[in-house]
Amino acid sequence: MSARRDPLPPLNPTRVFATTGRLLSISKAAAELSVTPAAVSRQVRALEHYLGVSLFHRVHGGLELTAAGSRYLADIGPLFTALEKATEAVRAGLPGATLKIRSPATFAVRWLIPRFASFHRAHPDIDVQLTTSPAPIDLDREDIDAGIQLGDGDWPQLSSQRLIPNELVPVVAPRLRAAAKAGDATLLHSLARLDDWALWLEAAGLNTGNAYSGMKYETSLLAYQAALEGHGVAVAQKALVEKELADGSLVTPFDFVLDRGRFTYYFVWRADRPQSPAVVAFRSWLASVVGR
């Protein structure tokens, strides 16, 4: 029983043939491929042996394609061109490559997405796929290139770039400002940041009983919305409610601001390998819009 033959030809001899067939010169092909003429001849003979046909006529002063060689070159030439373009696109972050980013939902909705238009204007050739999750980023298991993570910026095997300050302030709808200041408003919590109220109250020197009582929501995004609807008072990362504080739909019943320092949002990427130009471009863009 004969061994099953691989239906795909050997790639390097096929590439050498495509170059030689285009140039119809062994010496010119050798120069373009940075190999010796003898190496080109060996590769062409190897492909001819694999295919069982002659691909060139050796004529005085150069080469001519045989009928089989001409047909084969016409078929494989566009394939190598497409392969080169696809490879360049992936390496350069050009069309065909997608930059996959993951972020906590609150940061994505309240900070990242409102600024995305400027990234697309600056890099129209980079497609971005954005997903959300509060879970710690694991670049070994997830199909993403980089992400945004809440923490202190110190994660094994990840490089990090600090994004926004983590300044905590209570926020409330204007009609509940007096009640919140008197301690009579319901506390609104994010399950993703359940200690924020306790941390703020302790730092502010306010004793209001159980700092964990009140309504609890899956994300800060939902807690902020509940505050906008007048359900109570939320403790917010100031940079994520700037719009509402500016237009007056949310107000701060207290002046005290708790700065959590290093504990904030970071852009993270793999520390153990070079990053694609698309990731580098996204990091640079993030640095340019922080503070806007």
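**Exercise 1. Decide whether strand β12 is mostly covered or open, and find its partners.**

Solution. Start with the residues of β12 (264-270). Seven of its seven residues are buried, so β12 is mostly covered; buried means under 20% relative accessible area, exposed over 50%, and partly exposed in between (1.4 Å probe, protein chains only). Helices (H or I, at least four residues) and strands (E, at least two) are DSSP runs, numbered from the N terminus. The model is predicted: local features need pLDDT of at least 70, side-chain atom pairs count only at pLDDT 80 or more, and totals for chains, interfaces and linings use all residues. Residues are numbered from 1 along each chain as its sequence is written, and side-chain values use heavy atoms, with hydrogens and water left out.

Next, take the pairing; two strands pair if DSSP finds at least two bridges between them. β5 runs antiparallel to β12, with five bridges, and G147 has V268 as its bridge partner in β12. Strand β6 (residues 158-162) is also antiparallel to β12 and is joined to it by five bridges. Here Q161 is matched with F267 of β12.

**Exercise 2. Give the strand order of the open sheet of five strands, and name its edges.**

Solution. The order is β9-β8-β10-β7-β11, and the pairing is mixed. The edge strands, β9 (215-217) and β11 (258-259), each pair on one side only. Inside the sheet, β8 (residues 187-190) pairs with β10 in the parallel sense over two bridges. L188 stands opposite A234 in β10.

**Exercise 3. Describe the largest nonpolar core and the surroundings of L112.**

Solution. A nonpolar core is a set of buried Ala, Val, Leu, Ile, Met, Phe, Trp, Tyr and Cys residues joined through side-chain atoms within 4.5 Å. The largest one has 36 residues, of which F107, L112, F267 and F282 touch the most other members. Elements giving two or more residues include β3 (98-103), α5 (105-122), β12 and α10 (277-289). The largest share, seven residues, comes from α10.

Now look at L112. Contact means heavy atoms within 4.5 Å. Beyond its neighbours within four places in sequence, L112 is in contact with F107, L130, I148, F282, W285 and L286. Another core, of 16 residues, lies apart from the largest one; V16, A30, L47 and Y72 are among its members.

**Exercise 4. Is S118 buried or exposed, and what does S118 contact?**

Solution. S118 sits in helix α5. Its relative accessible area is 19%, so S118 is buried. Leaving aside neighbours within four places in sequence, S118 is in contact with W285 and V289.
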